[in-house]
Amino acid sequence: MPEIVVDGLTHTFGAGSENPVTAVEGIDLTFESGSFCSIIGTSGCGKSTLLKMMAGLFEPSEGRMTLDREIIKGFSKRRGMVFQQDAVFPWMTVARNISYGPRLRGASRAEQAGIEKKWIEAVGLKGFEDRWPRELSGGMRKRVDIGRVYANDPDVLLMDEPFGALDAQTKERMQSDLLRTWNETRKTVVFVTHDIEEAIFLSDRIIVMSARPGRIRHIEEVALPRPRADEMRLTEEFLEIKRRLWGMLEH
Amino acid sequence: MMRFLTGRLALGVLSIATVLLAYHLATIQPDNNPSLLPPITDIIGSFITNVTSGSLFSALGASLFRIVLGFFIGTTCGLVIGCLVGWYKIAEYLIDPLIEAVRPIPPLAYIPIIIIWFGIEEFSRVLLISIACFMVSVVNVIAGMKNVPQVYVDAASTLGANRLQVFRTVAVPAATPFIIAGYRIALAAAWTTLVAAELIAAPSGLGFMLQEGRRYFLTDQVMMIIVIIGSCAFIMDRLFRAIQARLMVWSEARE
């Protein structure tokens with residue numbers, strides 16, 4: 001089963017230049033298979049940098065990462081990524097976006113249709129198959145993004161503040177729906193956010209990072225029972241974790 | 001009724017009608033010299049004469065042939081080279097300085113050298129139009145390729161697309177709005193270049209008929225050809241916009 005190990009990871013932007021910036025320094029982490037982990041921290045703590053390196057967008061200056069003992073290098077369909085920005089291809093319909101990954105690998109029309117049906121339903125977009133992304137709301141486009149990554153059947157989902165641009169209500173809906181999908185598939189998720197409540201609601205474990213350079217400051221095991229319901233956000237246990245983490249983030 | 005009168009089409013017709021009326025009023029002034037400013041009836045008369053004699057059709061045919069062929073060759077080369085330069089760093093470093101250096105030169109500046117090398121042949125005229133279309137389209141294709149949002153490229157890559165697949169499934173469609181805009185400008189450039197080329201060196205075509213009109217003092221023919229050129233360019237641009245609307249059905253900015 002996939003397990004990600006991050007070992008002595010350091011990344012410096014502009015190494016060798018006049019003013020190099022060390023984004024993350026000496027990160028050691030293990031993401032257990034099937035777990036839901038969040039990385040939180042104020043902006044500039046290097047959480048996105050860390051995630052992007054896990055996706056293979058660029059290589060760390062020092063240290064290494066492995067997935068199933070295999071060194072992470074470059075892109076791989078095993079590591080799917082949901083971006084902060086809207087990454088739905090506007091020139092493809094919802095259905096074509098969903099089946100994009102399998103189509104790249106030569107999936108037959110029938111296979112594509114099956115995948116489209118399954119994941120469009122799973123992310124709650126039934127009836128919107130043939131719509132253009134421009135006809136959808138921001139939240140619905142995010143659903144396409146998530147469905148497209150799931151439909152590609154990765155082992156790990158890397159999510160970079162996927163709900164950052166959504167309004168509060170939509171965000172809560174998306175969080176609950178994401179948890180349901182995660183529960184059904186049990187794929188490892190690494191979720192980057194600056195929203196403490198979002199991290200608590202979703203995660204088994206929360207990694208708190210401090211900024212400049214990005215280091216791990218604290219790891220919080222979230223013992224809240226699953227499945228998680230929206231009401232939990234107001235329980236004493238939930239709020240206690242929130243208070244503790246809030247104190248740790250630099251304001 | 002009011003809505004119709006203030007509608008887009010109605011106002012367009014109104015503005016054209018106003019210009020025609022003004023022209024007409026100018027031509028009926030007692031001191032107007034009709035050989036300098038021919039009345040509308042003379043222009044229509046010239047149109048009818050040239051249609052019945054067939055000379056307008058052969059001129060139009062010759063010109064359209066040059067436009068279509070030159071446009072096709074020029075924009076196809078522009079598309080291929082633009083894609084390479086816009087997408088591959090090596091091609092960019094190799095070819096982009098060349099394009100930038102040549103870009104400010106108006107295509108008409110090549111007329112003398114083309115005539116010296118290839119003579120006053122059909123090939124020379126098509127070549128000139130091709131160059132004009134190439135220069136306009138290549139710049140737009142490059143801009144389109146350079147403006148492909150990085151997040152789409154990253155998304156496709158993380159989903160498992162290789163470099164060629166990213167190019168085919170992301171870069172080309174993402175650049176389509178730029179490419180089509182470039183093609184429309186290229187079409188306009190093709191008309192400009194065509195008329196200039198035919199004015200200087202052609203035994204046929206609309207530009208040739210303009211030149212003939214000047215030589216024999218047929219101002220009505222000159223006016224008529226100007227209207228014909230305007231109408232043709234307008235119709236072709238409309239056709240292009242229809243194609244654009246079809247290809248760009250996914251885009252926020254379809255106009």
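User: Hello! What makes up the secondary structure of chain A?

Analyst: Welcome! Chain A holds eight helices and 10 strands. Please keep in mind that this is a predicted model.

User: How do you know how far to trust the prediction for chain A?

Analyst: The predictor's confidence, pLDDT, runs from 0 to 100. Chain A averages 93, and 99% of its residues score at least 70. Among its elements, confidence is highest in helix α2 (residues 94-98), at 97, and lowest in β5(A), where the mean is 90.

User: Why does the radius of gyration of chain A agree with that of a compact globule?

Analyst: Because a compact globule with 251 residues would have a radius near 18 Å, and chain A has 18 Å, the two agree. Along its principal axes, the C-alpha trace of this chain spans about 50 × 45 × 35 Å.

User: What does the same rule say about chain B?

Analyst: Here the value departs from the rule: a compact globule of 255 residues would be near 18 Å, but chain B has 23 Å. The C-alpha trace of chain B spans about 75 × 60 × 30 Å along its principal axes. As for its make-up, chain B has 11 helices and zero strands.

User: How many of the residues are buried in each chain?

Analyst: To count as buried, a residue needs 20 or more other C-beta atoms within 10 Å of its own. In chain A, 41% of the 251 residues pass that test. In chain B, 35% of the 255 residues do.

User: What makes β3 of chain A a mostly covered strand?

Analyst: Strand β3 (residues 36-40) has five residues, and five of the five are buried. Both of its faces are covered: Phe36(A), Ser38(A) and Ile40(A) lie on one side, with Cys37(A) and Ile39(A) on the other.

User: How do you know which strands pair with β3(A)?

Analyst: Pairing calls for at least two bridges between two strands. β3(A) has five bridges to strand β8 (residues 188-193) of chain A, in the parallel sense, and Cys37(A) stands opposite Val190(A) there. With strand β9 (residues 205-210) of chain A, β3(A) has four bridges, again parallel. Ile39(A) has Ile207(A) as its bridge partner in β9(A).

User: Why are β2 and β5 of chain A called edge strands?

Analyst: Let's start with their sheet, an open one of four strands in the order β2-β1-β4-β5 (chain A), with antiparallel pairing. β2 (21-31) and β5 (70-71) of chain A each pair on one side only, and that is what marks an edge strand.

User: What makes β4 and β5 of chain A a pair?

Analyst: A pair needs at least two bridges, and strand β4 (residues 62-67) of chain A has two bridges with β5(A), in the antiparallel sense. Thr66(A) stands opposite Ile71(A) in β5(A).

User: Which helix packs on that sheet?

Analyst: That is helix α1 (residues 47-55) of chain A, touching β1 (4-13), β2 and β4 of chain A. Its direction makes about 65 degrees with that of β2(A).

User: How many residues does each chain bring to the contact between chain A and chain B?

Analyst: Chain A brings 20 residues and chain B brings 14. On the side of chain A, β6 (79-82) and α3 (100-104) are the elements that give two or more residues.

User: What classes of residue does that side of chain A hold?

Analyst: The side of chain A that touches chain B has 12 nonpolar, four polar and four charged residues.

Terms used: Residues numbered from 1 in each chain as written. Chains lettered and ligands numbered in written order. Predicted model: local features only at pLDDT ≥ 70, side-chain atom pairs only at ≥ 80, totals over all residues. Rg over C-alpha atoms; globule rule 2.2 N^0.38 Å. Buried ≥ 20, exposed ≤ 12 C-beta atoms within 10 Å, placed from the backbone. Contact = placed C-beta atoms within 7 Å. Axes fitted to C-alpha atoms, helices over the stretch in contact; angles between N-to-C directions. Nonpolar A, V, L, I, M, F, W, Y, C, P; charged D, E, K, R; others polar.
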